[in-house]
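This report describes one protein model, beginning with its metal site and ending with individual residues. The sequence and the coordinates are shown first.

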Amino acid sequence: MEITALDKLSLTCAACGRGYGLDELAWRCADCGGVLDLTGFTPALPPLSVIGQRRPTLWRYAEALPIDEPADISLGEGMTPLVTAPEDPGVMLKVDYLMPSGSFKDRGAVLLATLARRLGVPRMVADSSGNAGTAVAAYAARAGIPCEVFVPAATSAGKVAQLRAYGAAVRQIPGSREDTADAAADAADQPGTFYASHVYHPFFLQGMKTYAFELWEQLGGRLPATLVLPVGNGTLVLGAYLGCRDLLDQGLIGRMPQIVAVQAAGCAPLAQAFRDGQAGPAEIVGEPTIAEGIAIARPARGAQILAAVRDSGGVIVTVTDDQVNAAHSALARAGLYVEPTAAACWAALQAGLIDTSLRPDAGPSAIAPLCGSGLKAKPPGVPAD
Ligand SMILES: [Zn+2]
């Protein structure tokens, strides 16, 4: 396999088109503040028969990833199990909490750490409501790069303990999730800093694509009619959408699955914008929710998320904390111990918001991820300390 030439890749502003080299460490457009997308890269997946002979990690899709596998950074991430949902034969659940750091964010974090080391940066900064931060901290530790992680002061004690165990410097920021993002942005602007942002850095989304690739491979070369995905900052919605686009562009699937994105009712700027037909996220004031991982009032890639869901023919729905609590309990009673946020998609399915009747050509009609381990968070109803 050829070594991917990083100098052929660039970052391009989605709003004004200005380009940046990867080594400039830009994390948003210096001219207009727009988000940056990856350009200069054409994925080309080999046949399933070839992929099937490779080791069970997300690097089995190497030809569709923008950087080569780092032998000493990978922790074996990817190829998580796909299991049937409790009492619903039309639905399958992707057990993404069985990742090295306990959440689906490892898919993107491993690419960021790999890039950071290829670029030789002296330090990384991340911000997160928890899972992205812990994933970045794990891979920064593995890559031997000092890492500072900004989290909201209310972040679960389990996640903070995990960050510290990895050796990250943890900055707990009072106020909202947006205050945390602002504090991280200030740190990210310091010279020589690699902002390992799951929201801004397009390499993160490239890693999240493997969620769609794995489903496609695990179902024998097809995808279900519906992908049910949680949405806060939209890393999985955008990653899965890009992955489906790769498969579609190569003729490996016949049609794009519809993306049904799920928000918490108390913090739903994308669901509201979708309902109102707006191109960008609605201006809202987020209320506290037990689904802390998707409580994002100002998603920076909101317009891209809305466009992706619309292009897929999907919809954005909301679930209440009571519904999330009930779904969390139902999953645990079926042996699946996830954090509350990770029950949001199952809550939408249980509430009957999504048609899951079996298709005539067999296979599941819908698939939802179980994103984060229950071991990270306090049980619903117990306030974080
Ligand atoms: Zn721009």
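The sections below treat confidence, the zinc site, the nonpolar cores, one helix and several single residues.

**Confidence of the model**

The structure is a predicted model. Its chain has an average pLDDT of 93, and 96% of the residues reach a score of at least 70. Over residues 381-385, however, pLDDT stays under 50. For that stretch the model has 8 contacts beyond four places in sequence.

**The zinc site**

Which protein atoms serve as donors to the zinc ion? They are the SG atoms of C13, C16, C29 and C32, at 2.3 to 2.4 Å from the metal. Along the chain, these donor residues follow the spacing C-x2-C-x12-C-x2-C. C16 belongs to the loop between β1 (10-13) and β2 (19-21), and C32 to the loop between β2 and β3 (36-39), so this pair ties together parts that are 16 residues apart in sequence.

The geometry is tetrahedral because the 4 donor atoms subtend angles of 97 to 121° around the zinc ion, and four donors count as tetrahedral if all angles lie between 85 and 135 degrees. For reference, the ideal angle for four tetrahedral donors is 109.5 degrees.

Are C16 and C32 buried, exposed or partly exposed? C16 is partly exposed, with a relative accessible area of 44%. C32 is likewise partly exposed, at 42%.

**The nonpolar cores**

The largest nonpolar core contains 116 residues, and the members that touch the most others are L93, M124, F203 and I316. Helix α6 (residues 202-218) gives the most to this core, contributing 9 residues. Apart from this core lies another, of 13 residues, which include I173, A184, A185 and V199.

With residues up to four places away in sequence left aside, I316 touches V231, A261, Q263, L270, A271, F274, L306 and V309. Two of these partners, L306 and V309, are among the buried residues of helix α9.

**Helix α9**

Helix α9 spans residues 302-311, and its buried residues are G302, I305, L306, A308 and V309. These residues lie on the same side of α9, because they cover an arc of only 165° around the axis. What do the buried residues of α9 pack against? Their partners are α7 (235-249), β11 (258-264), α8 (269-276) and β12 (315-319). After α9 comes G313, which has a positive phi near 80°.

**Single residues in loops and in helix α10**

Two residues have a positive phi of about 60° without being glycine: L25 and E87. L25 is situated in the loop between β2 and β3. E87 lies in the loop between β4 (82-85) and β5 (88-94), where it is exposed, with a relative accessible area of 83%.

The following table sets out the accessibility of selected residues.

| Residue | State | Relative accessible area |
|---|---|---|
| C16 | partly exposed | 44% |
| C32 | partly exposed | 42% |
| E87 | exposed | 83% |
| L22 | buried | 6% |
| S103 | buried | 0% |
| L331 | buried | 0% |

The three buried entries are described in turn, with contacts to residues up to four places away in sequence not counted.

L22 lies in the loop between β2 and β3. Which residues does L22 touch? Its contacts are L6, L9, L11, L115, L119 and F203; F203 was named above for its many contacts within the largest nonpolar core. The C-alpha atoms of L22 and D7 are separated by 7.7 Å, and the two residues are 15 residues apart along the chain.

S103 is located in the loop between β5 and α2 (106-119). Its relative accessible area of 0% makes S103 buried, and its contacts are D96, Y97, N131, C371, G372 and K376.

L331 sits in helix α10 (residues 321-333) and counts as buried at 0% relative accessibility. L331 touches L93, L336, V338, A343, W346 and L370. From L331 to Q206 the C-alpha distance is 29 Å, with their positions 125 residues apart in sequence counted as the separation.

Terms used. Residues numbered from 1 in each chain as written. Predicted model: local features only at pLDDT ≥ 70, side-chain atom pairs only at ≥ 80, totals over all residues. Heavy atoms only, no water. Donors = N, O, S within 2.8 Å, 3.2 Å for Na, K, Ca; no water. Tetrahedral: all angles 85-135°; square planar, octahedral: opposite > 155°, others 65-115°. Helix = DSSP H or I, 4+ residues; strand = E, 2+ residues; numbered from the N terminus. Buried < 20%, exposed > 50% of the residue type's maximum accessible area, 1.4 Å probe, protein only. Core = buried A, V, L, I, M, F, W, Y, C linked by side-chain atoms within 4.5 Å. Contact = heavy atoms within 4.5 Å. pLDDT = per-residue confidence, 0-100. Arc of directions from axis to C-beta.
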